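Colleague: I am new to this structure and would like a close look at a single part of it, the sheet. Could you take me through it slowly, with your terms explained?

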Amino acid sequence: MPERLHIRDALAQARAAGVQRLDAQWLLGHLLQQPRAWLLAHDDEALPSAAATAWPALLARRAAGEPLAYVVGEREFCGLRLAVSPAVLVPRPETELLVEWAQACWATAPAPTVIDLGTGSGAVALALKHRLPAAQVLATDASPAALAVASANANALGLAVDFTTGHWWQAAAGARFGLAVSNPPYIAAEDLHLAALGHEPQLALTPGGDGLDALRQIIAGAPSHLLSGAWLLLEHGHDQADAVQALLLTTGFEAVQTRLDLAGQPRCTGARWPSENLCRPELG
């Protein structure tokens, strides 16, 4: 009879494979459907046979650099548990800033209509719908595979978001919105960080060139799709705030400002489409 694999042995295997301790505990906890504290208190317990059989393959995927969220098939974002796959980017904690800012802007939005351009897993759109039930949220993406993931997440969470396929504003021809948000691809083609993100869809990470092409397209098309007084909020790279601010100002936006993420990096820049009838909102 083969020797049983115990929790401490599984974690030792992960350590030997170069997998970080917290990642290994999260992966094993997901496999056993137990929290980290339980693993620590029961490290002498043997894994059920099915879990022991599945463990080597999961461990090998993480050791090869595959994002933990892909290995376990899910990621938490703004308190929501989202399914993820290699068809979409893994939602990042810094993107929660975009949601928080959009929620603050909602109080002065000229209409309840919100558009999330390039929704991927649906993280931003679904978080906004969860926090703002009265919002009419449209989420777009050029990738049908990504929209399939986003739609499945909406169904699982019971959140009514509309999804449509298209490249940036093309998916919303003729429509105008009270609030627009986007976390587009913004990594420059020569950025060394891309090499470490090889498991994620490259089209969702970089538009090529200097990394600003998607941001340029979104900003250029915004005036035809925003109501007077509507805000456009954009996530971008830590070194792109000045360029994004300049694009917004040149296009005719007002109240241009940049917010810092929890690491103190310039992460989101937003601006309001002019309106003579609305006062500038106090957003903190």
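The open sheet

Modeller: The part you ask about is an open sheet of seven strands, in the order 5-4-3-6-7-9-8 and with mixed pairing; strands (E, at least two residues) and helices (H or I, at least four residues) are DSSP runs, numbered from the N terminus, and two strands pair if DSSP finds at least two bridges between them. Strand 5 and strand 8 (254-260) stand at the edges with a single partner strand each, so one side of each has no neighbour in the sheet. From one strand to the next the twist averages 15°, where axes are lines fitted to C-alpha atoms, for helices over the stretch in contact, and angles run from 0 to 180 degrees between N-to-C directions.

Before going further, please keep in mind that this is a predicted model, in which local features need pLDDT of at least 70 and side-chain atom pairs count only at pLDDT 80 or more, while totals for chains, interfaces and linings use all residues. Residues are numbered from 1 along each chain as its sequence is written, and side-chain values use heavy atoms, with hydrogens and water left out.

At one edge, strand 5 (residues 162-165) pairs with strand 4 (residues 136-141) in the parallel sense, over four bridges, and within this pairing Ala139 has Phe163 in strand 5 as its bridge partner. To get from strand 4 to strand 5 the chain passes through helix 8 (residues 144-157), and this β-α-β crossover is right-handed, meaning that, with the strands pointing away from the viewer, the path from the first strand over the helix to the second runs clockwise.

Further along the order, strand 7 (residues 226-235) and strand 9 (residues 266-272) pair in the antiparallel sense over five bridges, and here Leu234 stands opposite Thr269 in strand 9. Helix 10 (residues 241-251) lies across strand 7, strand 8 and strand 9, and runs at about 10° to strand 9; contact here means heavy atoms within 4.5 Å. As you follow any of these strands, it helps to remember that in a regular strand the side chains alternate between the two faces of the sheet.

Taken together, the sheet shows both senses of pairing, parallel between strand 4 and strand 5 and antiparallel between strand 7 and strand 9.
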